[in-house]
Amino acid sequence: MQIYELKINRNTCTGCNACVVSCPINFNQLRKQSYLNEENAVILVKNGIAVPVYNKERNINCDGCGICIENCPQQSIRIEVMEGV
Ligand code: SF4
Ligand code: SF4
C-alpha cells in the first residue's frame, strides 16, 4: 500500500487555508460531519501553518491527488510517496 506524505514548506506557507478547503477528502468529511479536526481531516492549518494529518489506524488518508498542491498560492506543498507495510 502506498502512503502519501505531505511536506509543507514552513518558510513559505502563510496558513491561508486554501489547501484545507480544496482537498476533496476534507470536503467529504466536512459534508458528512460538519467539522474538520485531527480525527477526520487529512490536512489542517494549526498555529498559522498547514499540517498534514496521517493516521494509519483510519481508512481515510491523503490519496495523493495533488489538488492541494495546485491550489497552494505559495507552492508550499510537496508529496512524497512511501511504501506502507
Ligand atoms: S495553501 Fe499553501 S500557503 Fe496556504 S495554508 Fe496550504 S500550504 Fe500553506
Ligand atoms: S493530495 Fe489530495 S487528498 Fe492529499 S491533502 Fe492534497 S488534496 Fe487532499
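What share of the contacts in the protein chain with a separation of 6 or more comes from residues 24 or more positions apart? The figure is 64%. Keep that in mind during the tour, which goes through a predicted model.

**Whole chain**

Start with the protein chain in cartoon view. Its secondary structure comes to 3 helices and 4 strands, and along the sequence these follow the pattern β-α-α-β-β-α-β. The C-alpha trace spans about 30 × 30 × 20 Å along its principal axes. The radius of gyration is 12 Å, which agrees with the value near 12 Å that a compact globule of 85 residues would have. If you colour by burial, 21% of the 85 residues come up as buried.

**Ligand 2**

Select ligand 2 and the residues around it. There are 14 of them, and those that come nearest are Cys23, Cys62, Cys65, Ile67 and Cys68. By class, this shell divides into 11 nonpolar, 2 polar and 1 charged. Two elements to highlight here are strand S1 (2-8) and helix H3 (67-71), each of which supplies at least two residues of the shell.

Stay on Cys23. Not counting residues up to four places away in sequence, Cys23 touches Val42, Ile43, Ile67 and Cys68. Ile67 and Cys68 are also among the residues that come nearest to ligand 2.

**Nonpolar core**

Next, show the largest nonpolar core, which has 16 residues. Within this core the residues with the most contacts are Cys19, Cys23, Val42, Ile43, Cys68 and Ile77. Which elements give two or more residues to this core? They are S1, helix H1 (18-22) and strand S2 (43-46). Cys23 and Cys68 thus link two views: both are in the list of best-connected core residues, and both are in the list of residues that come nearest to ligand 2.

**Ligand 1**

Move to ligand 1. Its surroundings also consist of 14 residues, with Cys13, Cys16, Ala18, Cys19 and Cys72 coming nearest. The class count for this shell is 9 nonpolar, 5 polar and no charged residues. Cys19 was met in the core, where it is one of the residues with the most contacts.

Click on Cys16, which has its place in the loop between S1 and H1. Is Cys16 buried, exposed or partly exposed? Cys16 counts as partly exposed, because 16 C-beta neighbours lie inside 10 Å, while burial would need 20 or more. For a sense of scale, draw a distance from Cys16 to Tyr54: the two are 38 residues apart in sequence and 20 Å apart in space, C-alpha to C-alpha.

In the loop between S1 and H1 you will also find Asn17. Its phi is near 85°, a positive value in a residue other than glycine. Most residues other than glycine have a negative phi. Asn17 counts as exposed, because it has 12 C-beta neighbours inside 10 Å.

**The hairpin**

Select S2 and strand S3 (residues 49-52). The two strands run antiparallel and are joined by 4 bridges. They form a hairpin with 2 residues between them. In the turn, look at Asn47, which has a positive phi of about 50°. Ile43 stands opposite Pro52 in S3. Ile43 is also one of the core residues with the most contacts and is touched by Cys23.

**The loop between H3 and S4**

Go on to the loop between H3 and strand S4 (77-83), where Ser76 is found. Ser76 counts as buried, because 22 C-beta neighbours lie inside 10 Å. Measure C-alpha to C-alpha from Ser76 to Ile8: the distance is 5.6 Å, for a pair 68 residues apart in sequence. Leaving out residues up to four places away in sequence, Ser76 touches Ile8, Asn9, Thr12 and Cys13. Cys13 is one of the residues that come nearest to ligand 1.

Gln75 is found in this loop too, between H3 and S4. Gln75 has a positive phi of about 50° although it is not a glycine. Buried or exposed? Gln75 is exposed, because only 11 other C-beta atoms lie within 10 Å.

**Helix H2**

The last stop is helix H2 (residues 24-33). Of its 10 residues, 1 is buried, and the helix is hardly covered. Just after H2 comes Ser34, whose phi is positive, near 60°.

Terms used. Residues are numbered from 1 along each chain as its sequence is written. Chains are lettered from A and ligands numbered from 1 in the order in which they are written. This is a predicted model: local features need pLDDT of at least 70, side-chain atom pairs count only at pLDDT 80 or more; totals for chains, interfaces and linings use all residues. A residue is near a molecule or strand if its C-beta atom, placed from the backbone, lies within 6 Å of it. Ala, Val, Leu, Ile, Met, Phe, Trp, Tyr, Cys and Pro count as nonpolar, Asp, Glu, Lys and Arg as charged, and the others, Gly among them, as polar. A nonpolar core is a set of buried Ala, Val, Leu, Ile, Met, Phe, Trp, Tyr and Cys residues joined through C-beta atoms within 7 Å. Two residues are in contact if their C-beta atoms, placed from the backbone, lie within 7 Å. Two strands pair if DSSP finds at least two bridges between them. The radius of gyration is taken over C-alpha atoms; the globule rule is 2.2 Å times the number of residues to the power 0.38.
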